[in-house]
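Here is a walk through one protein chain, taken a few stops at a time. Keep the picture open and turn it as you read.

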Amino acid sequence: VFLQVGRTGVITPVALMDAVSLAGTTVTHATLHNFDEIQRLGVKIGDKVVVEKKGDIIPKVIKVLDKMRNGTEVTIQIPSECPVCLKKIVKQGDSVAVFCSNTDCSAKSLQQIAHFVSKKAFNIDGLGKKIVEQLLDQKTISSAADLFFITKDDVISLEGFAEKAADNLVASINDAKQISLSRFIYALGIRHVGEETSMSLAEHFKTLEKLIVATNEDLI
């Protein structure tokens with residue numbers, strides 16, 4: 001089991017398994033959702049499990065074959081610190097999820113920016129997670145907003161970039177400066193605000209300025 005840090009700081013346990021053919025694809029990973037789900041399933045490291053996949057949804061562990069245990073299995077512990085920045089892990093309210101408490105966690109920043117440039121958000125062609133990671137490592141950017149100030153010289157210094165590819169990426173970033181309100185809201189990666197909710201907010205408030213000052217009552 002390894003821990004994945006999401007864009008909101010949620011720590012998700014993921015099962016790493018022997019490769020198995022499932023629904024036409026080879027599967028080696030399956031989500032365990034959260035540590036309450038691990039406890040509910042009773043899953044341990046070393047277990048044989050049943051994995052399910054529906055459509056394009058991420059595979060998930062649905063059952064433990066505990067009768068096939070041999071005694072070498074290991075209990076999965078809730079971590080006390082983020083696997084990336086090593087800062088304290090916390091719970092928020094009644095949520096079953098656990099979170100990295102560090103607002104500057106590099107893993108969180110990477111996921112936030114990767115979401116920001118994704119197809120349903122700003123859809124910046126040629127700007128994948130590996131390139132975002134390089135830009136963060138080189139301190140060219142520290143947030144999604146910094147992307148719009150990137151120059152050709154910034155890009156050409158990255159691994160695998162020639163002059164033409166650098167020109168294309170800068171052009172893609174410039175093309176992305178015009179975006180619909182719903183896609184912009186989605187790109188912000190606000191917790192519980194997915195594609196559909198972003199559309200509802202955009203249709204109701206019409207402008208970003210009105211959304212920014214929206215009260216709890218307005219949102220209800």
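Where is Asn123 found? Asn123 sits in the loop between H2 and H3. Before going further, keep in mind that this is a predicted model. In that model, Asn123 has a positive phi of about 50°, although it is not a glycine. That is worth a pause, because most residues other than glycine have a negative phi. As for its surroundings, Asn123 counts as partly exposed, with 41% relative accessibility.

Two other residues can be looked at in the same spirit. Just after H3 comes Lys139, which takes a positive phi of about 60°. Then there is His192, in the loop between helix H6 (181-187) and helix H7 (195-205). The phi of His192 is near 75°, again positive in a residue other than glycine. His192 counts as exposed, at 67% relative accessibility.

Now step back and take in the whole chain. Its secondary structure comes to nine helices and nine strands. The C-alpha trace spans about 60 × 50 × 40 Å along its principal axes. Of the 220 residues, 36% count as buried. The accessible surface comes to about 13700 Å², and carbon and sulfur atoms account for 51% of that. Here's something about how the chain folds back on itself: take the contacts between residues at least 6 apart in sequence, and 45% of them join residues at least 24 apart.

For a look at the inside, go to helix H3, residues 129-137. Which residues of H3 are buried? They are Ile131, Val132, Gln134, Leu135 and Leu136. These buried residues pack against two other helices, H2 (106-116) and H5 (163-175). Helix H5 also holds Ser172, which counts as buried at 15% relative accessibility. Setting aside neighbours within four places in sequence, Ser172 is in contact with Ile124 and Asp125.

The outside has its own sights. Val1 lies in the segment before strand E1 (2-5), and Val1 is partly exposed, with a relative accessible area of 39%. Together with Ile45 and Val74, Val1 makes a nonpolar surface patch of about 220 Å². Over in strand E2 (residues 10-22) you'll find Ser21, an exposed residue at 62% relative accessibility. Try tracing from Ser21 to Thr72: they are 51 residues apart along the chain, and their C-alpha atoms are separated by 26 Å.

Next, the charges. There are 26 positive and 27 negative ones, and the mean positions of the two sets are 6 Å apart. Side chains of opposite charge can pair when their charged atoms come close. How many salt bridges are there in this chain? The count comes to five.

Start with Arg40 and Glu37, which form a salt bridge whose closest N and O atoms are 2.9 Å apart. Because they are three residues apart in helix H1 (residues 35-41), Arg40 and Glu37 are separated by about one helical turn. Is each partner buried or exposed? Arg40 is exposed, with a relative accessible area of 58%, whereas Glu37 is buried, at 18%.

A second bridge joins Glu195 and Lys120, with the closest N and O atoms 3.3 Å apart. This pair links distant parts of the chain: Glu195 is in helix H7 and Lys120 is in the loop between H2 and H3, 75 residues apart. Glu195 counts as partly exposed at 35% relative accessibility, and Lys120 counts as partly exposed at 45%. The loop that holds Lys120 is also where Asn123 is found, which brings us back to our starting point.

One more bridge to visit: Lys152 and Glu163, whose closest N and O atoms are 3.1 Å apart. Here too the pair links distant parts of the chain, with Lys152 in helix H4 (residues 152-156) and Glu163 in helix H5, eleven residues apart. Lys152 is partly exposed, with a relative accessible area of 26%, and Glu163 counts as partly exposed at 48% relative accessibility. Which residues are linked in a network of salt bridges? Lys152 and Glu163 belong to it, along with Asp167.

Definitions and conventions: Residues are numbered from 1 along each chain as its sequence is written. This is a predicted model: local features need pLDDT of at least 70, side-chain atom pairs count only at pLDDT 80 or more; totals for chains, interfaces and linings use all residues. Side-chain values use heavy atoms; hydrogens and water are left out. Helices (H or I, at least four residues) and strands (E, at least two) are DSSP runs, numbered from the N terminus. Buried means under 20% relative accessible area, exposed over 50%, partly exposed in between (1.4 Å probe, protein chains only). Contact means heavy atoms within 4.5 Å. Accessible areas come from the Shrake-Rupley method with a 1.4 Å probe; for residues, only the protein chains shown count as cover. Lys and Arg count as positive and Asp and Glu as negative; His and the chain ends are not counted. The place of a charge is taken as NZ of Lys, CZ of Arg, CG of Asp or CD of Glu. Patches are made of residues with over 30% relative accessible area and no salt bridge: like charges are joined within 9 Å, nonpolar side chains (Val, Leu, Ile, Met, Phe, Trp, Tyr) within 5 Å. A salt bridge is a side-chain nitrogen of Lys or Arg within 4 Å of a carboxyl oxygen of Asp or Glu.
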